[in-house]
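The following exercises concern burial, strand pairing and salt bridges. Please attempt each task before reading its solution.

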Amino acid sequence: MPQQNSPAGRSGDFPPFAQRHLISIADLQQHEIVDLLDRAERMIEVSRQERKSLPTLSGKTQINLFFEPSTRTQSSFEIAGKRLGALVVNMSVKTSSVSKGETLVDTAATLNAMRPDVLVVRHSAAGAVELLSQKVGCSVVNAGDGAHEHPTQALLDALTIRNHKGTLTGLTVAICGDIANSRVARSNLLLLGALNVRTRVIAPRTLLPAGIENLATEVFTDMDEGLKGADVVMMLRLQHERANGKMIPSVREYYRFYGLDEARLAHAKPDAIVMHPGPMNRGVEIDPAIADGPRSVITDQVEMGVAVRMAVLDALLPARNAP
């Protein structure tokens, strides 16, 4: 058997991907995370070709079921499925029976009768995607459920970091902002922790969830201290719709202490990269000059998103159809 690289680097030969669904990063073994990142590396090459397609999912049906609006994530999954040859259907929940009172279980039964091969689901309630996965016979991918998780975002973030830094081993990643309401933060902490990456969270106490010290290596309420020596600075959107305006005194005050500008970024390493899952609140959590500056890899994250979602579909469907 060929020698395998470090778990935070590239994989060697691993067993076939055996997961039926992708609901949570916590469900993945370390080698499965690396396997998905390596598959995604191959998908980057496909996406950069003039002919951006593979016949991998020819004859398969993918339904994107988004109960929450998300242009970026939904379009990314749609492009990913189509580049792999799948028939992709985007369901408009606002015009469906759900808006007329149909329950999630009813929706699951209806969709299951259509015999799709994979459902990509986003829902405002934590746990809704897992419930749906128990009621259908196909694979289910969590595209974000409430403040719980967003696993493909964490995978694309890890891929972006690995491509820019060459490895994840030995890095310090600082995740800054609305930690309490962020499914992106939770999934990233689970993934980076599984790969033994040093993680820091930085936020005011009101935006730090209970038990965060069990997920992050270090916890800071002082932005300047938390950024010292960081290799990666990951900013999070201040989620007004989940924070309900009660967690911070004002947007101006928040930016003063936790907004990322040139002076604050200077505390991180000189070659630190800046990330953001989007959409950004410019002038709230990040200075536009930083968002558009040379150390920003935000547009790269978008490209990595398509590659990662191609990798997830590629991994799940063959596993689902295996004897």
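**Exercise 1.** Determine how many of the twelve residues of helix α6 are buried.

*Solution.* Step 1: nine of the twelve residues of α6 are buried, so this helix is largely enclosed by the rest of the structure. Buried means under 20% relative accessible area, exposed over 50%, and partly exposed in between (1.4 Å probe, protein chains only). Helices (H or I, at least four residues) and strands (E, at least two) are DSSP runs, numbered from the N terminus. Step 2: the buried residues include Val 184, Leu 189 and Leu 192.

The model is predicted: local features need pLDDT of at least 70, side-chain atom pairs count only at pLDDT 80 or more, and totals for chains, interfaces and linings use all residues. Residues are numbered from 1 along each chain as its sequence is written, and side-chain values use heavy atoms, with hydrogens and water left out.

**Exercise 2.** State which residue caps the N-terminal end of α6, and whether this residue is buried or exposed.

*Solution.* Step 1: the cap is Ser 182, with a side-chain oxygen 3.3 Å from the backbone nitrogen of Val 184. Step 2: Ser 182 is found in the loop between β5 (172-176) and α6. Step 3: because its relative accessibility is 4%, Ser 182 counts as buried.

**Exercise 3.** Identify the strands that pair with β3.

*Solution.* Step 1: strand β1 (residues 61-66) runs parallel to β3 and is joined to β3 by five bridges; two strands pair if DSSP finds at least two bridges between them. Within this pairing, Ile 63 has Leu 119 as its bridge partner. Step 2: strand β4 (residues 139-145) also pairs with β3 in the parallel sense, over five bridges, and Val 118 stands opposite Ser 139. Step 3: six of the six residues of β3 (residues 118-123) are buried, so the strand is largely enclosed by the rest of the structure.

**Exercise 4.** Describe the salt bridge between Asp 38 and Arg 162, and where its two residues lie.

*Solution.* Step 1: the side chains of Asp 38 and Arg 162 meet at 2.9 Å, N to O. A salt bridge is a side-chain nitrogen of Lys or Arg within 4 Å of a carboxyl oxygen of Asp or Glu. Step 2: Asp 38 lies in helix α1 (residues 30-47) and Arg 162 in helix α5 (residues 151-165), 124 residues apart, so the pair links distant parts of the chain. Step 3: Asp 38 counts as buried because its relative accessibility is 8%, and Arg 162 counts as buried because its value is 0%.

Methods
A polar contact is a pair of N or O atoms within 3.5 Å; within protein, one must be able to donate a hydrogen and the other to accept it, and residues adjacent in sequence count only if both atoms are side-chain atoms.
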